[in-house]
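This report describes two parts of one protein model. The strands come before the loop.

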Amino acid sequence: MRPGTQASRGGAGSRAAGEERALTSVAAGDRFEGEEPVDIPRLWHVTLSVSGKEAPLPEVRRALEQLAHDHPFFLTSRYAVDHAEIRYWEEARDLHDAAAVALRLWGEHRQTAGLPPWEIVGLEVIDRATYHQRIAEGYGPPPASPVGVHPF
């Protein structure tokens, strides 16, 4: 190995004793050398879980029905007085974009749909192939039927 090679790669020899290594990440959309760029949108199955202070069931239902009306690709939601789960398909270039849209969904529609002031407590975003593989193997979420807004 040439002198300095290990240091330029961030190896253990590039830090003083006790010095922590800086973490780096790959930005959304970054590609490896030689990899073809793929900007074709794909379908992502999103499950968004929210919860918070109790709200009257009829108001929660009405708000979720309005959200379903406002948001295309909406499949189904289940709700109770203090939590809800929303499942839908999102069209996006990659997982980063689909997750970003999902994380904004509740807040952006809170006023217009009259959603309760709950916080997002869970998010799952999987591609279409993974969703269908889980269903076929019997361990994924049941298909969203009937479509619509339903109590837990």
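## Strand pairing and a loop glycine

In this predicted model, strands β2 and β3 form a hairpin, with three residues between them. Strand β2 covers residues 74-79, and its pairing with β3 is antiparallel, with five bridges. Within this pairing, F74 stands opposite Y88 in β3.

Strand β3 also pairs with β1, which covers residues 42-51. The sense is again antiparallel, and the two strands share 10 bridges. Here V50 stands opposite A84 in β3.

The table lists the two pairings of β3.

| Strand paired with β3 | Residues of that strand | Sense | Bridges |
|---|---|---|---|
| β1 | residues 42-51 | antiparallel | 10 bridges |
| β2 | residues 74-79 | antiparallel | five bridges |

How enclosed is strand β3 by the rest of the structure? Strand β3 spans residues 83-92, and eight of its 10 residues are buried, so the strand is largely enclosed by the rest of the structure. Buried here means a relative accessible area under 20%.

The second part is a loop. G140 lies between α4 (128-137) and β5 (148-151), in the loop that separates them. Is G140 buried or exposed? Its relative accessible area is 23%, so G140 counts as partly exposed; that class lies between the cut-offs of 20% and 50%.

Which residues does G140 touch, leaving aside its neighbours within four places in sequence? G140 is in contact with R134 and I135. As for T130, this residue is 10 residues from G140 in sequence, and the C-alpha to C-alpha distance between them is 9.2 Å.

Definitions and conventions:
Residues are numbered from 1 along each chain as its sequence is written. This is a predicted model: local features need pLDDT of at least 70, side-chain atom pairs count only at pLDDT 80 or more; totals for chains, interfaces and linings use all residues. Side-chain values use heavy atoms; hydrogens and water are left out. Buried means under 20% relative accessible area, exposed over 50%, partly exposed in between (1.4 Å probe, protein chains only). Helices (H or I, at least four residues) and strands (E, at least two) are DSSP runs, numbered from the N terminus. Two strands pair if DSSP finds at least two bridges between them. Contact means heavy atoms within 4.5 Å.
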